[in-house]
Amino acid sequence: MVFNTIDDAQMFYNGYVEKAGFGSRIGCSKRSQKKGCDHLIRRDFECAHARKATVAESKGEGLLDPEVFDGVDKATEATSESQNFGSKTEAAKRRRNKLKRHDCKARMSVGLRKDKWEVTIFIDEHTHPMMSRDEWTKYYRSHRKVPYEDYMLIKTLHNRNAGTSLIMATLGDLHGTLRTFPYTNRDVANIRTKLRNEVTHNDMSKTLEYFQKLRAESPQFYFAIKLDENNAVRALFWVDGRTREVYRKFKDCVFFDTTFCTNRYDMPFAPIVGINNHMQSIMLGCALIPDEKKETFKWVFETWMDAMGQEHPTCIMTDQDAAMAGAIDDIFPGIVHRCCLWHVLRIAKDKLGTLFRTREGFEKEFFYCIYGSATVEEFENMWQVMVSKHCLVDNDHLITMWGCRDTWAPTYFKKNFFPFTGTTGRSEGLSSFFKKLVHPQDSVWQFVKQYEYIQETRLDREDNAGFLGEATTTAVWSSYKIEEQASRFYTRAAFAKFRELMEMTTAYSI
């Protein structure tokens with residue numbers, strides 16, 4: 001029997017052994033000894049159970065046969081990334097099965113004869129029984145192959161952070177059943193690990209090259225890096241040209257939050273988020289930073305302003321972070337800085353929980369003071385009456401809240417533009433969306449690609465909202481001319497808010 005290539009010979013033998021009920025592997029190879037020649041002239045394909053067992057293997061010790069489980073990536077068994085402050089902990093090593101060795105002599109040898117590969121030896125006798133069930137044969141390594149079409153689908157789903165089980169289920173739906181697959185969950189997991197490791201050694205350089213390419217294609221694209229004393233990249237900021245243009249329209253209110261770490265370097269993700277005229281969250285800039293110190297935040301804000309032509313935002317909302325507040329005071333003097341009310345009240349519930357339960361009426365008065373006061377004077381008077389009534393003048397946490405009341409109490413911001421929100425939920429909502437798409441072991445390069453995908457989804461939502469406003473009409477609630485005028489003037493989302501408020505004001509009765 002003659003084959004055109006060595007690959008054709010191996011494919012033929014693998015097909016034969018799969019039908020026969022066993023696995024194969026490359027036994028030995030021989031190269032030409034002639035001077036100036038180093039090409040292959042002979043190769044043996046042998047049974048996967050060939051060769052004698054070593055003493056260690058006969059006692060159940062020794063290493064796993066690499067011909068069977070070579071697909072298992074060593075990186076996945078050595079360490080696992082802890083979610084606790086980025087520390088690494090040793091993962092328990094798996095106990096693996098070892099392929100039995102029966103000193104089987106079954107093999108096929110081919111030699112190079114006049115540019116063709118000719119079968120020189122063929123032995124089909126085995127020293128062991130074949131697989132008792134045909135469907136088990138596919139688990140030999142020689143038969144575990146991922147077709148190119150499946151590989152591309154696996155890669156696509158992996159890039160969208162689909163888990164291995166979901167990927168296998170999707171492939172099963174496409175092929176009809178999982179049992180006919182020539183590969184396993186472990187093979188898919190290994191492919192995903194290799195995809196993550198492809199950019200391990202050139203992760204940041206690849207990202208910067210990509211940014212340079214984007215800037216060459218669009219001069220409005222902006223990015224900046226912060227280097228440490230060893231010229232290593234410690235922080236990264238970028239914003240596209242379209243965002244730089246729309247910022248001028250929607251810089252009245254922005255949100256800044258760093259509560260989400262989502263990459264293998266545990267670099268906090270710092271999105272700068274705004275609101276467009278459709279009441280949708282939009283990205284106005286993005287940074288990956290090494291820490292949450294004041295100097296780092298100052299670098300982010302300075303870089304952001306450099307990208308936006310030094311046009312400062314009018315209002316900004318953050319959580320209660322001293323370093324962040326200090327950076328905002330230094331870079332944006334005179335800006336309206338509001339702290340997230342949800343964070344303030346969450347801490348208050350933790351600190352004052354016992355008092356809420358034990359002081360009758362205190363909890364009700366506390367929240368009415370915050371939400372029920374119409375003016376600053378009314379809020380401050382109600383607060384002082386409340387703490388005096390319940391003998392809490394010396395309570396440390398209430399003293400702290402009082403000292404910074406002008407940064408969180410809603411009544412101080414009635415004349416400022418914070419559209420229908422008192423929390424950083426928009427920023428945190430985007431962070432939550434990122435969690436669905438980004439794996440904790442993803443590289444910066446992969447993170448940037450997912451960021452682009454999220455930007456595209458934002459733009460698609462905006463386009464759809466624009467279409468609805470231009471091509472459709474909405475029902476009005478009343479016969480008031482002001483509502484009809486508002487339905488034509490406002491975007492659909494803004495009009496929905498207007499109509500809701502209109503219904504509330506006309507529902508009052510004496």
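Q: What makes Glu46 and Arg25 a salt bridge, and are the two residues buried or exposed?
A: In this predicted model, both Glu46 and Arg25 are buried. Their closest N and O atoms are 3.2 Å apart. The cut-off is 4 Å, so the pair counts as a salt bridge.

Q: Where in the chain do Glu46 and Arg25 sit?
A: Glu46 is in strand β3 (residues 40–47) and Arg25 is in strand β2 (residues 24–31). They are 21 residues apart, and the pair links distant parts of the chain.

Q: Why is the pair Arg144 and Asp187 called a salt bridge?
A: The closest N and O atoms of Arg144 and Asp187 lie 2.7 Å apart. That is within 4 Å, so the pair qualifies. Arg144 is in the loop between β7 (116–123) and α5 (148–159), while Asp187 is in helix α7 (residues 185–197). The two are 43 residues apart. Arg144 and Asp187 are both buried.

Q: Which residues do salt bridges with shared partners join into one network?
A: Arg25, Glu46 and Arg51. By the same 4 Å rule, the count of salt bridges comes to 16.

Q: Why is Asp44 called buried and Arg42 partly exposed?
A: Asp44 has a relative accessible area of 6%. Buried means under 20%, so Asp44 is buried. Arg42 is at 34%, between the 20% and 50% limits, and therefore counts as partly exposed. The side chains of Asp44 and Arg42 meet in a salt bridge at 3.4 Å, N to O.

Q: How do you know that Cys104 is in no disulfide?
A: The nearest cysteine sulfur, that of Cys47, is 3.8 Å away. A disulfide needs sulfur atoms within 2.5 Å, so Cys104 is in none. The disulfide count is zero.

Q: What makes Cys104 buried and Cys391 exposed?
A: Cys104 has a relative accessible area of 5%, under the 20% limit, so Cys104 is buried. Cys391 is at 65%, over the 50% limit, so Cys391 is exposed.

Q: Why does Thr243 count as buried?
A: Its relative accessibility is 3%, under 20%, so Thr243 is buried. Thr243 lies in helix α9 (residues 241–246). Leaving aside neighbours within four places in sequence, Thr243 contacts Met283, Leu284, Gly285, Met308 and Gln455.

Q: How is the meeting of helix α8 with helix α17 described?
A: The axes of α8 (residues 203–217) and α17 (residues 444–471) come within 8 Å and cross at roughly 35°. The contact includes Tyr210 and Phe211 of α8, and Trp445 and Val448 of α17. By class, seven residues are nonpolar, one is polar and four are charged.

Note on methods
Residues are numbered from 1 along each chain as its sequence is written. This is a predicted model: local features need pLDDT of at least 70, side-chain atom pairs count only at pLDDT 80 or more; totals for chains, interfaces and linings use all residues. Side-chain values use heavy atoms; hydrogens and water are left out. Buried means under 20% relative accessible area, exposed over 50%, partly exposed in between (1.4 Å probe, protein chains only). Helices (H or I, at least four residues) and strands (E, at least two) are DSSP runs, numbered from the N terminus. Contact means heavy atoms within 4.5 Å. Axes are lines fitted to C-alpha atoms, for helices over the stretch in contact, and angles run from 0 to 180 degrees between N-to-C directions. Ala, Val, Leu, Ile, Met, Phe, Trp, Tyr, Cys and Pro count as nonpolar, Asp, Glu, Lys and Arg as charged, and the others, Gly among them, as polar.
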